[in-house]
Amino acid sequence: MPVQERPAIPGEPLLTGRIREAASRDVLGHAVVLSGREDLTEAARFMAAAHQCRGGDRPCGACPDCRKVFRDIHPDVVTVRDPEHKNISVEVLRGVVADASILPNEGRRKVYIFPDCGLLDSKAQNVLLKVVEDGPPHAAFIFCAANSAVLLPTIRSRITEWKMSPPGEAAAPRDERAIRLCEVICSGKAPEVAAFCAGLEGGRITRDELKELLSNSRDLLAAALAAACTGQGDALAVRFAGQMGKYKLSTAVESLGGFIRQCNYNIGVGHLLGALAVELI
C-alpha cells in the first residue's frame with residue numbers, strides 16, 4: 001500500500017511548518033487572521049485540520065477528522081458565508097456566536113472560517129468582538145484577509161496574524177533592522193539587547209514603525225522555526241535555527257507576537273521598548 005503524502009499548504013512550506021509546530025504544542029490560538037495572497041481558504045482549511053486532527057504530525061491527513069475537513073464535510077468546521085446579502089449580515093454572525101457556545105458534535109473544537117474579511121463591516125465585526133476576546137475554549141476562529149487592516153483595531157489586537165509568503169519573496173529586500181534584532185535575540189546577551197532597544201528609542205521610532213519591525217522580525221524567526229522543524233529554509237533561517245533551536249525560537253516568536261498586539265494600543269514607544277528589552281533579556 002503506498003504511503004499517503006502529508007498534506008501541505010500549496011507553495012507555503014514555511015507556513016506549513018509553523019502550523020504543524022504550533023499544533024504539536026497545542027498553541028495554534030483560538031483566533032487568528034491569515035493574510036496575504038490567494039489561497040487563503042486553503043491555508044485556513046489546513047489550519048482547521050490541524051485543530052481537529054487526532055493523529056500525529058497534525059494535520060496528518062489520514063485520520064477521520066482530517067479527511068472530513070479536507071473534503072469540506074466536517075460538522076464542526078464551518079465556513080461562514082451569507083449568499084443572501086452583499087456583506088455577511090449581523091444576523092448570520094449572531095448565529096455564529098450562539099453556535100460557538102455549543103460543544104462540538106464530534107471534533108476536538110468548533111472551527112469557524114471567514115474566507116473574506118472584506119465582507120465584514122464594522123458593525124458585523126463588533127458582534128464578533130466578545131467571542132473573539134473571551135470565547136469558549138472549544139471554539140476557534142480563522143479570519144482570511146488580503147490585508148489584515150480591514151479588521152478593526154479592537155479585533156486585530158486580540159488575534160494573532162499569520163502571513164502568507166508574498167510573491168517574489170526571495171527577491172524582496174531584507175529589513176536590515178529586523179535581521180539585526182533577530183541577531184540580538186539569538187545572542188541572548190543583555191548588553192546587546194539593551195543597546196539595540198535604546199538605539200531605537202533614541203532614533204525616535206514611531207509605534208507603527210516599531211510594529212512593522214517587530215512583525216518582520218517575528219516572520220524571520222518563524223521562518224527559522226520552520227527550518228528547525230523541516231530542515232528546509234534559506235541561509236538566514238537555517239543560521240538562526242542553528243543558533244537558537246526550536247524551544248527558544250518558538251518562545252521568541254510568541255513574545256514578539258505579544259508586543260506586536262500591544263502596538264495597537266495607545267502605549268508609549270519608550271514603555272514598549274523598555275518592556276521588550278526586559279522580556280528578551
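In this predicted model, C66 is in contact with A49, C53, P59, C60 and G61, leaving aside residues up to four places away in sequence. C66 belongs to helix α3, which spans residues 64-70. The relative accessibility of C66 is 0%, and the residue therefore counts as buried, the cut-off being under 20%. Between C66 and R218 there are 29 Å in space, C-alpha to C-alpha, and the two are 152 residues apart in sequence.

A second residue, G203, lies in the loop that links α8 (190-202) and α9 (207-230). With a relative accessible area of 58%, G203 is exposed, since exposure is assigned over 50%. The C-alpha atoms of G203 and Y265 are 21 Å apart, and 62 residues separate the pair in sequence.

The strands of the model assemble into an open sheet of five, with parallel pairing and the order β2-β3-β4-β1-β5. The edges are occupied by β2 and by β5 (160-163); each has a single partner strand, so one side of each has no neighbour in the sheet. From one strand to the next, the twist averages 20°. At one of these edges, β5 runs parallel to β1 (residues 31-35), and four bridges join the two. Within this pair, V33 is opposite E161 of β5.

Helix α4 packs on the sheet, where it touches β3 and β4, and the direction of α4 makes about 160° with that of β3. In general, the strands of a sheet are paired through hydrogen bonds of the backbone, in either a parallel or an antiparallel arrangement.

Strand β3 has bridges to both β2 and β4. Strand β2 (residues 77-79) is parallel to β3 and joined to it by three bridges; T79 has I113 of β3 as its bridge partner. The pairing of β3 with β4 (residues 139-145) is also parallel and comprises five bridges, and here V111 is partnered by A140 of β4. The connection from β3 to β4 passes through helix α5 (residues 122-134), forming a right-handed β-α-β crossover. Another right-handed β-α-β unit is made by β2, helix α4 (residues 90-100) and β3.

How much of strand β3 is buried, and why is the strand described as largely enclosed? Five of the five residues of β3 (residues 110-114) are buried, so the rest of the structure largely encloses this strand. As a general rule, side chains in a regular strand alternate between the two faces of the sheet. In β3, K110, Y112 and F114 point one way, while V111 and I113 point the other way, and all of them are buried.

The two helices of these crossovers, α4 and α5, also meet each other. Their axes come within 9 Å and cross at roughly 10°. Helices α4 and α5 are therefore roughly parallel to each other, because the angle falls under 35 degrees. On the α4 side, the contact is made by V90, L93, R94, V97 and A100; on the α5 side, by K123, A124, V127, L128 and V131. Of the residues in this contact between α4 and α5, eight are nonpolar and two are charged, with no polar residue present.

Technical notes:
Residues numbered from 1 in each chain as written. Predicted model: local features only at pLDDT ≥ 70, side-chain atom pairs only at ≥ 80, totals over all residues. Heavy atoms only, no water. Buried < 20%, exposed > 50% of the residue type's maximum accessible area, 1.4 Å probe, protein only. Pairing = 2+ DSSP bridges. Right-handed = clockwise from strand over helix to strand, strands pointing away. Contact = heavy atoms within 4.5 Å. Axes fitted to C-alpha atoms, helices over the stretch in contact; angles between N-to-C directions. Parallel < 35°, antiparallel > 145°, perpendicular 65-115°, else oblique. Nonpolar A, V, L, I, M, F, W, Y, C, P; charged D, E, K, R; others polar.
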